[in-house]
Amino acid sequence: GHLCARRYAAPMPMHRLLYLPAALLCQAFAPPRAPQHYWLGRVPEGRRRLGGRVQARTDAQLKRGIGEFYDESSGIWEEVWGEHMHHGYYREGEKPASFARHVEAQDDMIEKALELCGADGVAARCRRDGRRLRVLDVGCGVGGSSRYIARKYGADVVGLTLSPKQAARGNELSQGLNVTLKAEDATSTAFADGSFDLVWSLESGEHMPDKPRFVEELARLCAPGGAVSCVTWCHRDLEPDKRLGRVERAVLGAINYCYYLPKWCSGADYRSLFGKQPGFASSKIVVEDWTRNIAPFWPAVFRSALRWRSLRGLMRTGIRTARGAVAILLMIVGYRIGTVKFVAVAANREFS
């Protein structure tokens with residue numbers, strides 16, 4: 001696993017020189033008992049302690065923190081990368097020759113996820129039924145995927161984000177399309193069962209504190225004959241009764257602290273969770289490891305962060321965005337050592 005990770009995710013020599021500074025900077029913003037406790041979610045707000053132990057971030061604190069993080073940082077990302085706030089999809093071994101190729105790869109990511117879950121077939125069935133494809137975009141950002149899918153299929157799309165600023169900006173960009181973005185918690189919605197033909201989650205699952213609850217809600221909202229697409233950050237699959245190593249937990253813990261993430265799970269965990277949902281047969285659940293296909297992305301994000309426009313934007317924002325910029329290097333480390341995986345899950349709900 002480690003040799004493979006070295007081959008397809010090895011960062012540039014410049015990155016290696018910055019691993020230690022990245023870790024030290026994260027520690028500068030963190031409680032003294034740092035990484036191991038981040039992995040367990042034991043990260044305080046305002047470095048508070050109780051009885052000598054680090055307090056846990058509650059679900060509410062995580063959700064508030066990630067909403068505020070995106071309120072603060074989304075504008076900088078959009079200035080540099082545009083409307084899509086997710087990885088790009090590349091051919092294995094591809095070495096993009098330009099920044100434009102990285103941006104194009106983000107569209108390719110959407111296309112690959114749509115292909116994996118069979119969205120074309122679902123949309124065709126809706127057309128035969130004389131109605132529009134109904135889509136829920138969970139963790140929609142500023143609605144890049146929402147608008148892409150709306151244009152591709154002529155779909156009605158609802159997007160959910162924890163960031164009010166993202167929702168407002170996304171609605172500005174979505175004028176003229178049947179796209180509505182809302183600042184709501186996607187794990188506790190008021191939508192009726194089976195309200196959507198395509199339930200779409202592109203890099204939002206890692207933010208969900210309660211993974212079983214998250215998967216249950218995705219499955220509940222998917223109509224019979226519909227599809228769920230969940231593309232997300234995971235850790236490597238583990239053997240029964242095994243756990244991640246100490247260094248792995250420390251790396252993920254520091255990432256968690258910077259990005260307001262809860263404990264991670266594996267692709268195998270997602271397969272198991274979807275297999276427990278009514279109407280989702282195990283034979284129709286596909287889990288693929290796309291880690292090799294996103295290898296060029298985080299080094300490209302790091303290089304983009306060194307642009308003057310990005311640095312100027314960082315100076316205008318707060319500590320959350322600065323920590324997020326530092327954590328880019330930690331993500332590269334996580335991929336390099338084989339701990340972080342980029343996983344695509346597709347599940348189709350059977351007809352009643």
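This is a short exchange about strand β3 and the cysteines in a predicted model.

Trainee: What makes β3 mostly covered?

Mentor: Count its residues. Strand β3 spans residues 134-138, and 4 of its 5 residues are buried. Buried means under 20% relative accessible area.

Trainee: Why is β3 said to pair with β4?

Mentor: Pairing takes at least two bridges. There are 5 bridges between β3 and β4, residues 156-161, and the two strands run parallel. Within that pair, Val 138 stands opposite Leu 160 of β4. From β3 the chain passes through helix α7, residues 144-153, to reach β4, and this β-α-β crossover is right-handed.

Trainee: What makes β6 a partner of β3?

Mentor: Apply the cut-off of at least two bridges again. Strand β6, residues 196-202, is joined to β3 by 3 bridges, so the two pair. They run parallel. Here Leu 136 of β3 faces Val 199 in β6.

Trainee: How many disulfides does a search of the whole structure find?

Mentor: The search finds 0 disulfides.

Trainee: Why is Cys 117 not bonded to Cys 222?

Mentor: The limit is 2.5 Å between cysteine sulfur atoms. The sulfur of Cys 117 has its closest cysteine sulfur in Cys 222, 9.3 Å away, so the gap is too far for a bond.

Trainee: Why does Cys 117 count as buried?

Mentor: Its relative accessibility is 1%. The cut-off is under 20%, so Cys 117 is buried.

Trainee: And why does Cys 140 count as buried?

Mentor: Use the same test. Cys 140 has 7% relative accessibility. That is under 20%, so Cys 140 is buried too.

Notes. Residues are numbered from 1 along each chain as its sequence is written. This is a predicted model: local features need pLDDT of at least 70, side-chain atom pairs count only at pLDDT 80 or more; totals for chains, interfaces and linings use all residues. Side-chain values use heavy atoms; hydrogens and water are left out. Buried means under 20% relative accessible area, exposed over 50%, partly exposed in between (1.4 Å probe, protein chains only). Helices (H or I, at least four residues) and strands (E, at least two) are DSSP runs, numbered from the N terminus. A crossover is right-handed if, with the strands pointing away from the viewer, the path from the first strand over the helix to the second runs clockwise.
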